[in-house]
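Open the model in your viewer and keep a selection box at hand. The stops below are meant to be taken in order.

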Amino acid sequence: MALLSSVAAAVTALAALAALLLVLICVIAHVTARKMPTLHRHEEEKFFVNDEGRKESVPSIHDRPVKELSVVVPSYNEEDRLPVMMDEALDYLEKRQVAMKYCKKYGSDKVRVLSLVKNRGKGGAVKMGVFSSRGRKILMADADGATKFADIEKVEEGLKNLQPWPNQMAISCGSRAHLEKDSIAKRSYFRTLLMYGFHFLVWFLCVREIRDTQCGFKLLTREAALRTFSTLHIERWAFDVELLYIAQCLRIPIAEVAVNWTEIEGSKLVPFWSWLQMGRDLLFIRLRYMTGAWQIETRKCN
């Protein structure tokens, strides 16, 4: 009996400690949360340099769209991988005749470089690009070219299949989930364990309807981009998860579409530390919305 009493007391103490730790984490998440984010542009970020070398003011997502498609490509130290991706993307778009004018090779009506004063993280760079877009639809695409640009037709079809779009809002996500078995065979047991752990945390804490939240190939209607990115807080790698979490809270329909994907050398993700950071961000995303530190205007998430 004495042994059972000791075990029960130990279990009770551990449960109390776990509850206290959870409360402490909730308090830290709430206190350290930034409030509704504002898009601050440094003076140098209010302009882009056109193909003639002159400065022009960047447009705003609040303006009426004047293009059918805007492509946002976050790029930081991508001198080796970006040219391959850009050549493929622009050659493909030229064949589709999305843009109508030439100016030098492609011209600043088609390609604009928005230089940021400081590194804002991938999410911050994408957000800046989205809010400077002119398209009725906005595509996020990674600079490494891991997804072939021609797969835009697949995500476009996914977006089309969601019609009618409520309030003109819909999102179509490229997905590598169908390639998971092949990728596991090429990974170490440790990286596979980290991958499964990350997927579980995404499912448990934030997004349950999308198997692959991290594929950088996502197509949004202009209205969906405005509503989701206006609320976005995370500026690092986990921003995709918060983006889709916000979309779910707003009842924005989301399609997940299988795309081709090839692993390209040069990734800036450090497997353990980057995933540890993302795990922390996932926990804070959930706790900060749950405690009201972060809010979405239309309705509260459960």
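The tour goes from the whole chain to strands, a helix, salt bridges, a loop residue and a cavity.

**Whole chain**

Start with a cartoon of everything. This is a predicted model, and the protein has nine helices and seven strands. Colour by accessibility next: of the 302 residues, 44% count as buried. Then turn to the contacts between residues with a separation of 6 or more: 80% of them are between residues 24 or more positions apart.

**Strand β5**

Select residues 171-175, which form strand β5. Five of the five residues are buried, so the strand is largely enclosed by the rest of the structure. Show the side chains and look along the strand. In a regular strand the side chains alternate between the two faces of the sheet. Here I171, C173 and S175 point one way, while S172 and G174 point the other way.

Which strands pair with β5? Add residues 218-221, strand β6: this strand runs antiparallel to β5, and three bridges join the two. To find the register, pick S172, whose bridge partner in β6 is L219. Now add residues 254-258, strand β7, which pairs with β5 in the parallel sense over five bridges. On that side, S175 stands opposite A258.

**Helix α7**

Select residues 222-231, helix α7. Seven of its 10 residues are buried, and the helix is mostly covered. The buried residues are R222, A224, A225, L226, T228, F229 and T231. When viewing down the axis, recall that an α-helix has 3.6 residues a turn, so residues three or four places apart point the same way.

**K218 and D240**

Select K218 and D240 and show their side chains. They meet in a salt bridge, with an N to O distance of 2.9 Å. The pair links distant parts of the chain, since K218 is in strand β6 and D240 is in helix α8 (residues 239-249), 22 residues apart. Is this pair buried or exposed? Both K218 and D240 are buried, and the relative accessible area of D240 is 2%. Now display what surrounds D240. Leaving out residues up to four places away in sequence, D240 touches M140, T213, Q214, C215 and K218.

**E68 and K137**

By the distance rule used here, the model has 13 salt bridges. Another of them to select is E68 with K137, at 2.7 Å from N to O. E68 lies in strand β3 (residues 67-72) and K137 in strand β4 (residues 135-140), so the pair ties together parts that are 69 residues apart in sequence. The two ends differ in burial class: E68 is partly exposed, with a relative accessible area of 41%, and K137 is buried, with 16%. Add R136 to the selection, as E68, R136 and K137 are linked in a network of salt bridges.

**K154 and D151**

For a further salt bridge, select K154 and D151, whose side chains meet at 3.6 Å, N to O. K154 counts as partly exposed at 34% relative accessibility, whereas D151 counts as buried at 4%.

**R112 in its loop**

Move to R112, in the loop between α2 (82-96) and α3 (121-130). The residue is partly exposed, with a relative accessible area of 27%. What is R112 in contact with, leaving aside its neighbours within four places in sequence? Select F48, E56, P59 and R134 to see these contacts. For a backbone distance, pick the C-alpha atoms of R112 and V58: they are separated by 9.2 Å, although the residues are 54 apart along the chain.

**The cavity**

Finish with the internal space. Rolling a probe the size of a water molecule over the atoms shows where empty space is left. How many cavities of 30 Å³ or more does the structure hold? There is one, and the largest cavity has a volume of about 40 Å³. To find the site, select R34, G123, G124, K127, L232, H233, I234 and E235, which line the largest cavity. By residue class, this lining divides into two nonpolar, three polar and three charged residues.

Terms used:
Residues numbered from 1 in each chain as written. Predicted model: local features only at pLDDT ≥ 70, side-chain atom pairs only at ≥ 80, totals over all residues. Heavy atoms only, no water. 1 Å grid on protein atoms, 1.4 Å probe; cavity = no way out; pocket = protein on both sides within 12 Å on 5 of 7 lines; lining within 4 Å. Points joined across faces, edges and corners; volume = space filled by probe spheres on them. Nonpolar A, V, L, I, M, F, W, Y, C, P; charged D, E, K, R; others polar. Buried < 20%, exposed > 50% of the residue type's maximum accessible area, 1.4 Å probe, protein only. Helix = DSSP H or I, 4+ residues; strand = E, 2+ residues; numbered from the N terminus. Pairing = 2+ DSSP bridges. Salt bridge = Lys/Arg side-chain N within 4 Å of Asp/Glu carboxyl O. Contact = heavy atoms within 4.5 Å.
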